[in-house]
Structures are given as structure tokens and as C-alpha cells.
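Subject: Structure handover

Hi there,

Here is the structure I promised to pass on to you. Have a look at it first, and then read on for my notes.

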Amino acid sequence: MEVIASFVPLVVILPFAGALLNLFLGRYLSEKLIGALATTAAALAFAVAAVMTVGITAHGYEAVVVNPPILDSWIYIPSAAIDIPWQMRVDTLSLTMMLVVTGVGTLIHLYAIGYMHGDPRFARFFVYLNLFLGFMLILVTGNNFLMMFVGWEGVGLCSFLLIGFWFDKKHGEGWKNSNAARKAFIVNRVGDFGLLLAIFLIFWTYGTLDYYKPNEVLHIGGEKAAADVLVREGGDGIAHGQKGVFAQTEAWLAEGGHIVSFGVFELPFETVVTLITLFMLIGVTGKSAQIPLFVWLPDAMAGPTPVSALIHAATMVTAGVYLITRNSVLYHAAPLSAALVTVVGAATALMAGFIALGQWDIKKVLAYSTVSQLGFMVAAVGIGGYAAGMFHLITHAFFKALLFLGSGSVIHAMEHGHHHAHAHHESEHGEESHGHADHAHEEAFDPQDMRNMGGLARRMPITFVTYLIGTLALAGIFPLAGFWSKDEILGKAFNAAFIDGKLEGFAMLGLLLAAAGFTAFYMWRQIKLVFLGVPRTEAAAAATESSPSMTIPLLVLAALSIFGGALNIPLGVNSVLVIGVLFITAGFWLLWALPSVRLFFIGRAEPVTSLPSLKPAFRLIALGSAAAFMLSGAAIILVPSLGASYPLETLVLWLEHSVPYTKGLTLNPFLAILALGIGIGGILLAQRVYSPAPLAEGNQDVLEIRPDTRPAFQLANAKLYWDETYGRLIEQPYNRAAAWLAHKLDWEFWHDRFHHTVFRDFYKRAADFIATPVDRGAIDQGFLRIGRAVAQAAARLRTVQTGYVRTYVFTMLFGVVLVMLILLLPLLRQ
Amino acid sequence: MQPAVATEYFVVLSAVLFIMGVLGVLVRRNAIMIFMSVELMLNAANLSLVAFAQQWSNMGGQLIVFFVITIAAAEVAVGLALIVAIFRTKKSIDIDELNAMQG
Amino acid sequence: MTFELVLFIVVAAVAIFSAAFMLISRNAVHSALFLVVNLLCVAFFYLMLSAPFLAMVQITVYAGAIMVLFMFVIMLLGSERLGGGTTKYGWLAGGAVALTTIFLVVVFVGIAQAQIGTLQPQAPPPQARFIHSIANAPAVDIYLNEQRVAADLSFGDATELQTLRAGNYNLLIFAACPDPDCPSPFERGATPLVALPLSLEPERATAYIVAGTPEDLRLLSAPLDLTPFEAENTFRLTVVHALPNFGAVNFIQEDLGNPNRNVVLAAELNFGDVSPMLSLERRQYDFLFENLGNRVIALREYSARSRTHELLILTAVPVPAVAGAPSTRPSYLRPTAPAARHAFGSPQQLGTELLTTYLLPFQLVGLLLLATMVGAIILTREEVLKRERKRLVVSPAIKRINRAIPINVSAESAEPALPSGEREPSAD
């Protein structure tokens with residue numbers, strides 16, 4: 001296993017290598033090559049992660065700590081006994097994250113090749129994407145908090161770079177993108193500050209930042225993790241007496257009464273753990289867009305859609321969930337923080353779901369949906385359902401990425417449709433850059449505004465079907481992936497409320513059920529507005545299906561969204577039934593997907609199920625495979641012995657090996673049906689509300705028209721005035737203070753008054769003083785006098801040169817006599 | 001060897017002649033007279049040298065005198081040429097009038 | 001009161017008075033003549049001080065050439081009647097008298113104190129030469145203490161006359177090392193063949209002869225007399241008996257025509273004896289060494305250069321080895337004779353010194369005289385009127401003016417009408 005695990009540095013190196021290659025060679029390579037390079041890097045990283053997954057499964061799920069080559073100590077201050085190594089950890093949790101990141105990342109890289117086609121900074125985009133991948137992988141593979149923080153900051157940086165990618169958008173629109181990027185970075189920074197405080201506290205308390213020391217064996221967790229973290233004696237002698245953070249926590253909790261000293265005051269250990277987890281929560285709200293630091297995520301939709309899909313749906317925003325999961329030991333020891341985490345998550349889920357109802361931008365709806373689903377995840381890990389949260393993380397990655405990529409496809413089609421539509425009218429605009437929507441003498445056309453769309457189901461069948469699948473998965477419809485993960489979370493809440501009697505469980509349950517309802521509602525609203533009905537603009541009418549590089553990832557993700565639930569079928573479920581149903585679903589899926597793909601490849605964008613128009617051979621293949629799947633599904637259901645051995649709770653069992661206090665769940669059928677009903681109900685409600693036409697006159701939402709729902713709609717449309725509140729509370733005072741400091745204090749006082757008085761006037765006076773009395777008076781006079789004295793002396797001495805030879809001779813004689821006297825003096829004395 | 005006349009006598013005589021030469025240089029105003037006094041001084045020195053050479057039985061003294069005589073000749077030649085040249089311009093060789101280098 | 005002293009006083013008085021008159025006389029020509037008298041007195045003194053050559057030089061050059069030059073210039077300038085007039089520096093005279101009095105006093109006191117008469121010149125250092133006269137003996141190195149004075153001296157070789165320091169030495173004779181890179185025998189640790197004490201006294205020149213047999217090695221010292229010769233055509237001769245195992249010999253000057261007129265110059269010289277110094281006229285001689293009536297060896301037509309000190313060494317020379325016959329036979333060695341010194345102050349000595357020790361100053365003074373000649377000529381030549389040079393570059397403006405106006409306006413740049421050598425303006 002060690003050998004296999006030693007490949008883990010590759011997982012990090014490959015994306016960075018791809019980034020560097022594209023950075024330096026990007027200008028010489030073609031688009032396809034750049035994209036291929038980047039995608040290959042991501043795909044190879046995924047392959048390595050997959051290999052390691054197989055390896056770790058075969059070797060008993062034991063975690064391995066790997067020291068990457070060359071890089072040794074990250075921070076090494078021997079005098080302070082600080083030695084933080086650059087260590088990577090291969091365990092089930094990090095592998096889960098690695099697989100999700102690289103897998104979804106590869107698909108999105110592939111998508112981006114088509115999406116960013118023609119962009120002048122094509123190579124740079126892929127550099128950033130690979131860079132992001134590399135940093136995210138550092139985040140999840142780190143074995144200590146510092147490496148995680150490096151990845152944390154790195155993904156924040158890449159997020160900034162990618163959100164503001166179109167900072168040079170024409171007609172002065174670029175600044176909006178760069179503003180959004182800056183907002184993301186700064187809000188993240190606030191969260192990072194909290195995380196940093198947590199890390200400092202951890203270091204102060206424990207003296208180390210390692211999760212687990214290399215020679216610690218994490219026993220299979222669950223309830224009994226307290227004494228089960230062993231320290232394997234002997235071996236490599238690394239930090240022999242020192243435990244990793246989590247082991248130390250368990251030890252101190254077990255012995256009880258440990259005091260942490262801060263010099264001037266002391267705190268009991270449990271309080272310190274609570275503080276640490278609370279600070280971590282701040283970081284989580286920043287990165288994972290919870291209340292109150294979620295405001296950057298909707299603005300981040302200014303970036304290209306692949307960015308939104310990758311970073312702001314599938315990977316970066318899940319870093320917070322990963323953080324809490326990794327620190328399950330700490331959160332388990334600090335129930336207060338855990339409760340707060342739960343409440344924050346649940347509240348965020350409902351609030352974001354509410355705001356999504358009133359949004360018009362297709363991506364903003366998805367953004368708030370992401371925030372809402374993140375709230376689900378955060379609430380889940382807060383209540384102790386670490387596996388549930390991770391499960392939802394995985395499935396959400398699938399269908400949210402699918403939804404985002406689908407929206408990208410829609411936006412792309414809208415733009416092209418706009419071009420085609422106006423190609424008849426105008427002929428002078430030849431801009432190729434994405435996002436340009438303004439014509440000087442026309443109204444601005446926003447390709448992302450859902451009010452301009454409509455009827456795209458017929459124009460873009462593949463996109464429509466995959467989007468539909470994503471919507472249904474998100475709404476939690478059986479047997480798609482979202483149903484299982486959402487149900488797991490709700491089940492955990494139910495257990496916490498009714499079995500453990502925790503108050504936050506009740507809150508969580510109620511809020512999340514409501515949020516689920518909202519989710520279904522606004523997603524179906526979106527379907528109605530975008531795909532169903534009739535096109536409301538020429539652009540929508542002229543939209544066409546996107547290229548294969550964009551639709552194939554959609555198809556793959558759709559498949560994953562369908563089957564993702566199989567990752568963690570809860571106990572008590574008749575897995576046979578489920579598997580069978582899934583197989584049947586797969587059959588239907590194939591029945592639709594294959595022909596559509598084929599049709600698209602042969603250049604016809606036909607509505608769904610145009611099987612008869614295909615060649616007989618292909619018809620046979622499609623029908624055959626579909627039938628095969630359906631029949632096997634039926635067989636599994638009807639013949640019990642076939643499907644009985646399908647494992648349940650795969651993910652929980654998988655995560656148990658690296659996340660202490662993970663436990664599984666038995667399905668609560670009541671809750672499941674309730675959740676399913678809420679989902680279907682939401683869809684039906686939305687269907688009813690937004691029929692016959694989704695928009696009322698004047699392009700207003702139906703809810704907006706009705707007086708009883710108008711305030712609510714307007715509140716939702718105004719995003720609950722979060723940004724305005726922040727502006728009033730924070731930005732304005734800050735700006736005023738900054739302005740005051742800049743103008744009043746710095747300029748007027750320091751510059752004008754202080755500098756002028758002290759420096760300039762004083763200097764002038766001093767200079768005048770030195771110049772006139774000192775320089776001219778004393779110094780000049782002095783030197784003049786010296787000069788005159790010299791001249792006078794010279795005048796007097798000059799008279800020695802009489803010009804008369806005789807005087808010279810006399811002088812010589814005088815000298816001679818003198819010398820003689822001196823020489824003969826000894827002689828004369830005798 | 002012991003000279004017939006003691007060396008001291010020669011030295012005294014040399015000193016007297018030298019003094020007279022010095023006085024001549026200082027007192028006379030005619031440039032040629034001054035030159036001749038200089039010759040007198042040189043001769044006095046030569047005398048002293050030869051006297052000591054004999055006492056010490058060292059040929060060096062005589063050789064020096066040989067060179068001195070030669071150089072005196074050279075000096076006289078140049079000096080008299082100078083005087084002639086000056087006379088042409090100033091029409092006088094009274095050194096009291098030759099004070100153009102007065103500082 | 002010896003005669004010389006009286007002479008000295010008289011001539012000194014003449015010198016002083018002539019100097020005084022030279023200073024006082026108003027007429028420059030009289031002054032010059034008095035100076036000539038003074039110079040002649042000084043020449044006389046030179047004669048008294050055994051510097052005859054210098055005396056002649058003094059008269060010839062100083063009195064004869066320099067004073068003549070003076071006369072010329074005095075006549076040329078017509079300055080015999082110059083003199084008189086006020087002087088601005090009257091105090092000079094008084095000051096000069098004062099200074100010169102001090103000078104004289106200092107000199108007198110100095111002379112009185114110095115007691116010049118008691119100062120003795122340094123004695124000249126000793127000189128020595130070494131001669132190897134042992135037949136069938138290997139070449140030797142001779143060391144005095146640690147100083148090598150003879151290197152690789154084979155039979156019959158004689159070193160030059162070397163000037164050494166006076167003192168007591170240990171004479172060491174080593175067998176010569178054939179290898180030129182041999183270290184010194186002291187480093188080799190070789191044992192000397194002979195070690196004798198030797199004392200070198202100053203002012204003596206000696207020839208040391210290594211004589212005898214290898215078993216019975218002796219050092220004979222023959223004094224050389226290199227003092228100046230009074231008579232010119234004579235030379236000195238010393239005979240040394242260095243023939244081992246031989247009886248007494250007589251050294252006879254033969255008259256080939258009349259054997260009765262043979263003169264025994266040195267009688268009964270035994271092995272190791274050195275004859276007294278013989279002074280002989282410079283002509284051809286026939287000498288004979290005789291032992292108990294037997295003729296040992298005869299020298300025919302022996303002649304020597306005058307003023308040298310010759311050395312005749314009777315020794316054995318090797319013969320080619322023949323069985324039964326002795327390996328040596330009697331013969332003589334005659335090393336090159338060193339010349340005696342010249343008399344002090346003689347022209348010869350002066351010449352020798354000038355051309356050996358003082359060669360460089362001699363040549364430089366010659367150059368100086370040359371330079372002086374040239375300088376004097378240049379200084380006294382007639383002034384040549386410089387011709388005006390024409391301006392090389394005439395500005396175009398002036399040219400235009402010149403062309404426009406018929407008359408040459410720019411008179412400053414006009415050149416004197418000189419024939420050839422006119423230079424055209426280089427720039428146009």
C-alpha cells in the first residue's frame with residue numbers, strides 16, 4: 001500500500017505540471033492541445049486517485065502518510081521545536097475528496113474546451129483551472145492544518161483569478177467582474193482570518209499541527225473512537241511522545257481537567273476546543289458560503305460557467321464541509337459549536353432557498369441553490385452526520401455541476417442565437433468575446449436572463465434532458481442521487497431531534513424540510529422559464545444545441561446523478577429493489593441518451609425520442625442496450641438472490657476508517673416519503689403557478705403580480721438586502737473612515753499642515769539661517785580672510801626674491817656657515 | 001707617509017682663499033669679477049682636496065680635482081656666454097641692475 | 001723650519017696677496033692677471049703635494065684656457081672700466097665680513113681640534129695568490145676559513161693576485177671535486193689535505209706556493225713587492241726552490257760567452273727556500289740552476305717586462321710514465337708576473353684610475369663638455385630676425401573681402417615678401 005500511496009504527490013504535481021506547461025507553452029499550442037493538456041492532467045490525477053482507492057481497499061483501508069520527494073520541512077525552526085513537514089495523507093476521506101475533485105474536474109475541463117472556444121486568453125484559463133485543481137488537492141491531501149490552509153488560500157486565489165477572468169469585458173463591463181472577484185477574495189479573507197485563529201489556537205494548545213502523527217493508527221471509529229486512537233510504539237521515532245491533534249484531544253478529554261495556559265490567563269481544554277471549532281466555523285462560513293459570509297457566491301457567477309460549476313458548486317465550496325468532517329473529533333468534543341454549525345447551516349439552507357425563488361438570472365438561481373445545498377451539508381456535519389454530509393457533497397457535486405454546465409450550454413446557445421438573430425439586422429458587430437451583450441443603440445441583451453429564454457427544450461434536447469435530470473436529482477426524486485443523500489441528512493436530523501432530543505435537531509429538521517420544498521419549487525420554476533413554453537425572444541428561438549465537448553460531460557454527469565445514490569444506500573432498504581429500479585432507470589436513460597447523442601453527432605437536433613429517424617443498426621443498438629438494462633433490473637427485483645449481495649452504506653463504511661464518530665443510518669420510510677412528497681409537491685406547485693405562461697405581462701413573475709405574494713417575491717428578488725445591509729453596516733463606515741483618514745488626516749493634517757509647517761517652513765528657516773549669516777557671514781568671511789592673509793603673507797614673502805644675485809649668494813653663504821656649524825659642532829665641542 | 005708640510009697648513013690656506021672668494025662674490029658688482037671670485041673659491045677647494053689626497057694616499061682626491069677643473073671650465077664657458085648674451089640686451093653687466101626676477 | 005715649509009709660506013703669501021689684489025683692483029684685466037698668478041701658485045702647491053699631473057692640468061686648463069676665455073670676454077665687453085655707482089645693499093658688505101669671520105673662526109677651531117696630522121690613512125689590504133706546484137698531484141680547492149680563494153687549481157696553475165682582508169686564517173686545501181655541481185667540502189664533510197694557519201698582514205702581497213710531494217705537502221710564501229719603482233726599466237725577481245728531495249741549488253746569471261762572468265744571484269737555496277728579492281735590469285738573461293756543480297736546469301733568453309715582480313719556481317714536472325724511470329723531472333714554473341703600482345700622483349696612476357674605477361664619470365663629464373660647448377655657442381650667437389609667419393588658415397569672410405576689394409585690406413595677415421617657403425592656406 002505504501003508503494004501505491006507514494007504516488008499521491010503525483011496527484012498534486014500533475015495539475016501543477018499541466019498549469020506550468022500551459023503557462024509557458026500556451027502561446028505556441030492550439031486550443032485543442034491546451035485543453036487536451038489540461039484535461040489529461042486532471043484525468044491522470046483522477047486515475048492515480050482511483051488506483052489509490054483500489055489499493056487502499058485492498059489493504060484494509062489503513063491510512064498512509066506520505067512525505068513527498070524533495071519537499072521536506074515546510075516550516076522548520078529547531079530552536080522553537082517547530083517542525084511542520086510537508087506531509088500528505090492518503091485515507092478514505094481524502095481519497096473521497098480527491099476522486100470528486102479530479103473526476104468532476106476532468107469533466108469540467110473537457111466542457112471548458114468547448115465553452116471557452118475563441119477566448120483570447122484561452123490558455124490562461126486552463127492554467128488557472130489546473131492551478132485550482134492542484135491547490136484543492138493540496139487542501140484535501142494535507143496531513144496537517146498548515147497544508148490544508150495552503151490549499152485553502154490557494155483555491156481562494158484561483159477563485160479570484162477565475163471569477164475575474166473577463167475583467168476586460170467590453171463596453172466598460174469588465175469592472176463588474178473584477179469587483180465580484182475582489183468581493184469573493186475579501187469575504188473569503190474574513191473567513192480565512194477565523195480559520196487562522198483556529199490554527200493558531202491549535203498550535204498553541206497542541207504544539208503540533210498534524211492531524212495524526214505517522215505512527216498513529218486510527219482504529220475504526222464510530223462511537224468508540226475515544227480510546228481507539230493508538231500510538232504504535234517503535235518504528236520511526238517521529239514525535240514519539242507527541243500525539244497528533246486528534247489523538248491528543250481524545251487523550252486529554254479522556255483524562256479530563258487539562259488546562260491550557262495562555263500566559264496571562266488559563267482556560268479549560270474543553271473551552272479551548274469550543275473556541276477552536278467556533279473559529280473554524282467562521283472559516284467554513286466564508287469558504288462554504290454560509291450565513292453571514294455567503295454574499296460572494298452569487299456575485300461569483302460573473303465568472304465563466306465552467307468556473308461556477310467547478311469551484312462554486314462542486315469543489316471549493318465543499319472545502320468547509322471537508323474541514324468540519326476532518327475535525328470530527330473536535331466538533332464531537334464541542335457540542336455547542338456543533339449545534340451552532342447545525343443552526344447556521346439549516347438557516348442558510350432555508351434563506352438561500354427563499355432568495356432563489358425571486359431571481360431572474362439563470363446562474364444566480366443555481367448559485368443560491370448551491371448556498372442552500374451547502375447549508376444542508378453543513379447542517380448535516382454539524383449534527384454529527386459526517387458521512388451524510390459527505391454523501392450529499394458527492395451527489396451535489398454531480399447534479400449541481402450538471403446544472404451549471406447545462407446552464408452554460410443554455411447561455412452559450414442564447415448568445416449564439418442572439419448573434420444569428422442580429423446577423424440579419426446588423427452587420428458591423430463582429431465581437432467574438434463571450435459576454436458581450438450590449439449594442440450601443442439597442443437595449444442590453446442579457447443571455448443569462450431567464451426572461452429572454454423559453455422553449456429551449458425543443459431547440460436543445462440533450463441539454464434539456466440532462467438539466468431535467470439534474471433538477472429532479474436536486475429536488476430529491478426517487479431513485480435519483482439527490483433523494484438518497486437528502487434523505488440521509490433529514491434522517492440524521494430526525495434522529496437527533498426525536499431520538500437524541502437535541503433542540504438543534506428540531507430546528508434543522510423543520511428548516512431543511514422547508515428548504516427542500518423551496519428547492520423543488522424554484523428549480524421547476526427555472527425549468528418552466530427556460531425550457532418549457534415558447535421562446536420569448538429571437539435569441540431563444542435561434543438557439544442551437546451545443547458542441548459534443550459540452551454535451552458529453554452533461555451526459556456523464558447525468559448518469560452519475562442517476563446512479564450516485566448507489567454509493568450509500570441506507571440500512572433497512574431493500575437494496576435489491578433499489579438496484580433493480582436503478583437498472584430500469586438506466587435502461588430508460590439509455591433509450592433516450594444514445595439516440596440523442598447519435599442524432600447530435602449526425603447533425604440533427606431533434607426532439608426527444610426520435611428513434612424512428614435513426615438507421616436500423618443504431619436503432620437496434622439503442623433498443624437492445626436499453627432492453628438489456630431494463631430486463632436485468634426486472635430480474636434483480638424478481639430474483640432475490642441476484643441482488644442480495646449489494647452492499648449497503650458503502651460510503652459510511654468507507655468513511656468510517658478515517659472519520660471518527662461516523663455512523664450510519666437506518667432508513668426512516670416515513671421521513672423518506674415525506675421528503676419525496678415535499679419534493680413532488682414543490683414541483684407540482686410550481687407547475688401550477690407558472691402555467692399557462694411563466695411570465696405575466698410586462699415580463700414580471702407570476703408571483704410578483706399577485707399582491708399577497710408580491711412582497712415576498714420582491715424580498716427574494718432583492719436577495720433579502722444582504723448586500724445593502726453589509727454596505728450600510730460595514731462598507732459605508734469603512735469608506736467614510738478611510739476617506740476621513742485619507743483626506744483629513746493624511747492630506748490636510750499631515751501633508752498640508754504638518755509637512756508644510758514642520759518640514760518646509762522649518763527647513764526654509766534653517767536653510768536661510770545657514771545660508772546667510774552662517775554661510776555668507778562666517779564661512780565666507782573666514783575663507784576670505786584666509787585668502788587675504790595668504791595674499792599678504794605672499795606679498796611680504798615675495799620681497800625675499802630681490803632679484804639681486806648678491807643677496808642670494810649671501811643667503812647661501814649664511815646657509816653654508818650654518819650647516820658647517822652644525823656638522824662640526826661635535827668636533828668643536830671637544 | 002708624512003708630508004713635508006703638514007696638511008693643516010694647506011687646509012688653512014684653502015679656507016683663507018675661499019673666504020676671499022666669498023667676499024669677492026658678495027661685494028663686487030661686476031659680473032665677471034664675481035665669476036673670477038667663484039674660480040678662486042673652486043681653486044681653494046681643489047687645494048684642500050689635493051692636500052688630503054696626499055695625506056691619505058688616496059687617488060680619489062686628485063681625481064675629483066681633475067673633474068672639478070673640467071667642470072669649472074664648462075661652467076665658465078656657459079657663464080661667460082650668458083654674460084655676453086645679457087650684455088647684448090642690457091648693455092650692462094652690473095648685477096645690481098639685473099633684478100628682473102624680483103618677486 | 002724645513003725648506004719646504006719656507007717655500008710654502010712664501011708661495012702662500014704670494015697667493016693670498018694676489019687674491020686680495022684681484023678683489024680690490026678696479027680694472028678687470030688687472031684682476032684677471034692677478035687671478036692667473038693665484039692659479040700658478042696653486043699649481044705650485046699641487047707639485048708640492050705630489051700631484052704633478054694635476055699641476056700641469058691646472059696650468060694648461062685653468063690658467064691657460066679659462067683665464068684666456070675670461071680675458072676675451074672682458075675685452076669684448078669693454079668692462080675694464082666698469083665699477084662704482086651706488087649699491088642698494090650696502091649692508092651686504094658688513095654682513096659678508098661678519099659671516100666670513102665666523103667661517104674662518106670655525107675652520108681654525110675645527111682644524112685645531114681635528115688634529116689632522118694624526119690621522120693616518122688606512123693601510124692597504126693584503127694581496128695573495130696561490131700557485132700549485134706539486135707534480136702528479138690532483139687539482140685542489142683552497143679555502144681560507146670558509147672562503148674559497150682557489151678553485152680547481154691544477155699543477156702549474158696560479159691564481160690572480162686577490163685582495164683579501166687582513167687577519168688570521170685557517171688555510172684548507174681540499175682535493176678538487178671534478179663535478180661542477182659539487183657542494184662545498186664543508187657540506188661534504190671532506191677532510192682537508194692540508195690545514196695550516198695563515199696570517200695575512202695589511203700592505204703585503206704574497207704568493208703562496210703549494211709545494212712538495214703529496215705526502216709531504218708544504219706551503220711556501222714568497223713575498224711580492226709591488227711598490228712603485230723608482231727606476232723605470234727594472235724588474236724584480238724572486239726564486240723559489242720547490243723541488244722536493246733535491247739538494248741545495250744556486251741560481252746563477254750566466255754569461256754564455258764568458259763563464260767566468262757568471263753571477264750567483266742566489267746561493268744555497270734549499271728545498272723550501274725563497275730567495276731574496278732581486279732587482280734586475282730589463283734585458284735578456286740566461287739563468288742557470290746548479291746543484292753541486294751539476295746543471296739542473298737552464299733558462300735561455302729570459303726577459304721580463306719592466307716594473308713587474310717575476311717569480312721563478314724550481315719544481316718537478318711530470319713525465320710520461322716509463323717503467324723503471326722516475327715520473328718527474330726538474331723544471332721551472334714561471335707564473336705571470338703582476339705589475340707594480342704606480343707612484344702616487346703620477347700620470348700613470350691617474351690614467352689608470354680614470355679609465356678603470358672612474359670611467360663612467362669620465363665619460364659623463366665628456367658629454368657635459370659637449371653639451372656646454374653647444375650651449376655656449378647657442379647662447380652667444382647673433383639674434384636672427386624672425387620672419388613673420390603667414391596665417392595658415394584664412395577665414396572665408398576675409399577671403400571674400402579680399403576678392404571683392406582689389407586692395408588687400410587685411411594687412412595683419414600680410415606676409416613679408418620672402419621668396420621660397422611660402423605656404424598656401426590649407427583650407428579654402
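Let me begin with a helix in chain A. Of the 22 residues of α15(A), 21 are buried, so this helix is largely enclosed by the rest of the structure. Please keep in mind throughout that this is a predicted model.

**Helix α15 and its two ends**

Helix α15 of chain A covers residues 362–383. From its first C-alpha to its last it reaches 32 Å, close to the 32 Å expected at 1.5 Å a residue. At the start of α15(A), the backbone nitrogen of K363(A) has a side-chain oxygen of D361(A) within 2.8 Å. At the other end, G384(A) comes just after α15(A) and takes a positive phi of about 105°.

**K400 in chain A**

Next along the chain I looked at K400(A), which sits in helix α16, residues 386–425. Is this lysine buried or exposed? With a relative accessible area of 0%, K400(A) is buried, because the cut-off for that word is under 20%.

What does K400(A) touch, once its neighbours within four places in sequence are left aside? Its contacts are A313(A), L366(A), S369(A), T370(A), Q373(A) and L474(A). With T370(A) there is also a polar contact of 3.3 Å between the side chains. As for S369(A), 31 residues separate it from K400(A) in sequence, while their C-alpha atoms are 8.7 Å apart in space.

One general point may help when you look at α15 and α16. An α-helix has 3.6 residues a turn, so residues three or four places apart point the same way.

**T463 in chain A**

Another residue to pick out is T463(A), which belongs to helix α18, residues 461–475, of chain A. T463(A) has a relative accessible area of 0% and is therefore buried. Beyond its neighbours within four places in sequence, T463(A) is in contact with G406(A), S409(A), V410(A), F531(A), E545(A) and L554(A).

**Chain A and chain B as whole chains**

Chain A has 830 residues, and 54% of them are buried. Its secondary structure comprises 31 helices and 10 strands. Taking contacts in chain A with a separation of 6 or more, 79% are between residues 24 or more positions apart.

Chain B has 103 residues, of which 62% count as buried. Here the secondary structure is 3 helices and 0 strands, running α-α-α from the N terminus on. Among chain B contacts between residues at least 6 apart in sequence, 58% join residues at least 24 apart.

**S37 in chain B**

Within chain B, S37(B) is placed in helix α2, residues 31–56. S37(B) counts as buried because its relative accessibility is 0%. Which residues is S37(B) in contact with, apart from its neighbours within four places in sequence? They are G21(B), G24(B) and V25(B), together with M22(C) and L23(C) from chain C.

**Where chain C meets chain B**

That brings me to the interface of chain C and chain B. The contact takes 80 residues from chain C and 69 residues from chain B. Between them the two chains bury about 6800 Å², with 80% of that area on carbon and sulfur atoms. Across this interface there are 0 salt bridges, but 7 residue pairs are in polar contact, both residues at pLDDT 80 or more. On the side of chain C that touches chain B, the elements giving two or more residues are α1 (3–24), α2 (28–48), α3 (52–77), α4 (91–114), α6 (347–355) and α7 (359–380) of chain C. Of these, α3(C) gives the most, with 14 residues. That side of chain C divides into 55 nonpolar, 19 polar and 6 charged residues.

**Where chain B meets chain A**

Chain B also touches chain A, with 13 residues from chain B and 10 residues from chain A taking part. How much area do chain B and chain A bury between them? The value is about 1100 Å², 64% of it on carbon and sulfur atoms. On the chain B side of this contact there are 7 nonpolar, 3 polar and 3 charged residues. Between chain B and chain A the count is 0 salt bridges, and it is also 0 for residue pairs in polar contact with both at pLDDT 80 or more.

Best wishes

Conventions. Residues are numbered from 1 along each chain as its sequence is written. Chains are lettered from A and ligands numbered from 1 in the order in which they are written. This is a predicted model: local features need pLDDT of at least 70, side-chain atom pairs count only at pLDDT 80 or more; totals for chains, interfaces and linings use all residues. Side-chain values use heavy atoms; hydrogens and water are left out. Helices (H or I, at least four residues) and strands (E, at least two) are DSSP runs, numbered from the N terminus. The expected span of a helix is 1.5 Å times one less than its number of residues. Buried means under 20% relative accessible area, exposed over 50%, partly exposed in between (1.4 Å probe, protein chains only). A polar contact is a pair of N or O atoms within 3.5 Å; within protein, one must be able to donate a hydrogen and the other to accept it, and residues adjacent in sequence count only if both atoms are side-chain atoms. Contact means heavy atoms within 4.5 Å. Buried area is the accessible area (1.4 Å probe) that two parts lose on being put together, summed over both. A salt bridge is a side-chain nitrogen of Lys or Arg within 4 Å of a carboxyl oxygen of Asp or Glu. Ala, Val, Leu, Ile, Met, Phe, Trp, Tyr, Cys and Pro count as nonpolar, Asp, Glu, Lys and Arg as charged, and the others, Gly among them, as polar.
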